[in-house]
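I am opening a fresh notebook page for a structure that is new to me. Come along while I look things up one at a time.

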Amino acid sequence: MSTFGDDLVQSLREALAHAKGEGPAIVHPDVSPREVRKAINLTQAQMAPLVGMSLSGYRKWEQGARRVSGPAAALLQVIREEPDAVRRALLRA
């Protein structure tokens, strides 16, 4: 079987186990981009590059037109807790 086929089979096994309540599952809590941004006193234009997005893409998050994915939710949580660390790591000149 191809690598893709092996990956697909493994993914289906994991999905089935998750549906049965077995095995580890990563659940990302809901996070509001607007609340995070307001908590650290940034404008949308300042927040967008911090999360690696265009301004229009970021606005879609706040408007609910786009869903915040797992990795993005994790980044927003880090930004909420350690905004200066994220700025240093991501916005170096």
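**Entry 1: aromatic rings.** I started by searching the whole structure for aromatic pairs, and the search gave me one. The partners are Y58 and W61, with ring centres 6.0 Å apart and planes at 65 degrees, so I wrote the pair down as edge-to-face. The cut-off I needed here is that planes over 60 degrees apart count as edge-to-face. I should add that I am reading a predicted model.

Next I checked where the two rings sit. Y58 and W61 belong to helix 4, which covers residues 55-63, and because they are three residues apart there, about one helical turn separates them. I noted a general point beside this: an α-helix has 3.6 residues a turn, so residues three or four places apart point the same way. Are Y58 and W61 buried or exposed? I found both of them buried.

**Entry 2: salt bridges.** I counted salt bridges next and arrived at three. I took them in turn.

My first look was at R34 and E62, whose closest N and O atoms are 3.4 Å apart. This pair links distant parts of the chain, since R34 is in helix 2 and E62 is in helix 4, with their positions 28 residues apart. I then looked up how covered each partner is. R34 counts as partly exposed because its relative accessibility is 35%. E62 has 8%, so I listed E62 as buried.

E62 turned up again, in a salt bridge with R37, and here the closest N and O atoms are 2.5 Å apart. With E62 in helix 4 and R37 in helix 2, the pair ties together parts that are 25 residues apart in sequence. R37 has 10% relative accessibility, so R37 counts as buried. Which residues are linked in a network of salt bridges? I wrote down R34, R37 and E62.

The remaining entry on my list was R87 with D84, a salt bridge at 2.7 Å from N to O. Both residues lie in helix 6, three residues apart, or about one turn of the helix. R87 is partly exposed at 26% relative accessibility, and D84 is partly exposed at 47%.

**Entry 3: helix 5 and its neighbours.** I turned to helix 5, residues 70-81. This helix has 12 residues and reaches 17 Å from its first C-alpha to its last, close to the 16 Å expected at 1.5 Å a residue. Which residues of helix 5 are buried? My list reads G70, A72, A73, L76 and I79. I followed their contacts and found them packing against helix 2 (33-39), helix 3 (44-50), helix 4 and helix 6 (83-90).

**Entry 4: helix 1 and a surface patch.** Helix 1 covers residues 3-19. I counted 17 residues in helix 1 and a reach of 24 Å from first C-alpha to last, close to the 24 Å expected at 1.5 Å a residue. On the surface I marked a nonpolar patch formed by F4, L8 and L12, with about 340 Å² of accessible area together. I looked more closely at L12, which is found in helix 1. Why does L12 count as exposed? Its relative accessibility is 55%, and the cut-off for exposed is over 50%.

**Entry 5: backbone angles.** I looked up phi in two places. G21 follows helix 1 and has a positive phi, near 80 degrees. N41 has a phi near 55 degrees, a positive value in a residue other than glycine. I kept a reminder next to that one: most residues other than glycine have a negative phi. Where is N41? I found N41 in the loop between helix 2 and helix 3. N41 is exposed, with a relative accessible area of 66%.

**Entry 6: one more distance.** My last lookup was L90, which is placed in helix 6. L90 counts as partly exposed because its relative accessibility is 49%. I also checked L90 against P49: the two are 41 residues apart along the chain, and their C-alpha atoms are separated by 8.6 Å.

Definitions and conventions:
Residues are numbered from 1 along each chain as its sequence is written. This is a predicted model: local features need pLDDT of at least 70, side-chain atom pairs count only at pLDDT 80 or more; totals for chains, interfaces and linings use all residues. Side-chain values use heavy atoms; hydrogens and water are left out. Patches are made of residues with over 30% relative accessible area and no salt bridge: like charges are joined within 9 Å, nonpolar side chains (Val, Leu, Ile, Met, Phe, Trp, Tyr) within 5 Å. Accessible areas come from the Shrake-Rupley method with a 1.4 Å probe; for residues, only the protein chains shown count as cover. A salt bridge is a side-chain nitrogen of Lys or Arg within 4 Å of a carboxyl oxygen of Asp or Glu. Helices (H or I, at least four residues) and strands (E, at least two) are DSSP runs, numbered from the N terminus. Buried means under 20% relative accessible area, exposed over 50%, partly exposed in between (1.4 Å probe, protein chains only). Rings of Phe, Tyr and Trp (its six-membered ring) pair if their centres lie within 6.5 Å; planes under 30 degrees apart count as stacked, over 60 as edge-to-face and the rest as tilted. The expected span of a helix is 1.5 Å times one less than its number of residues. Contact means heavy atoms within 4.5 Å.
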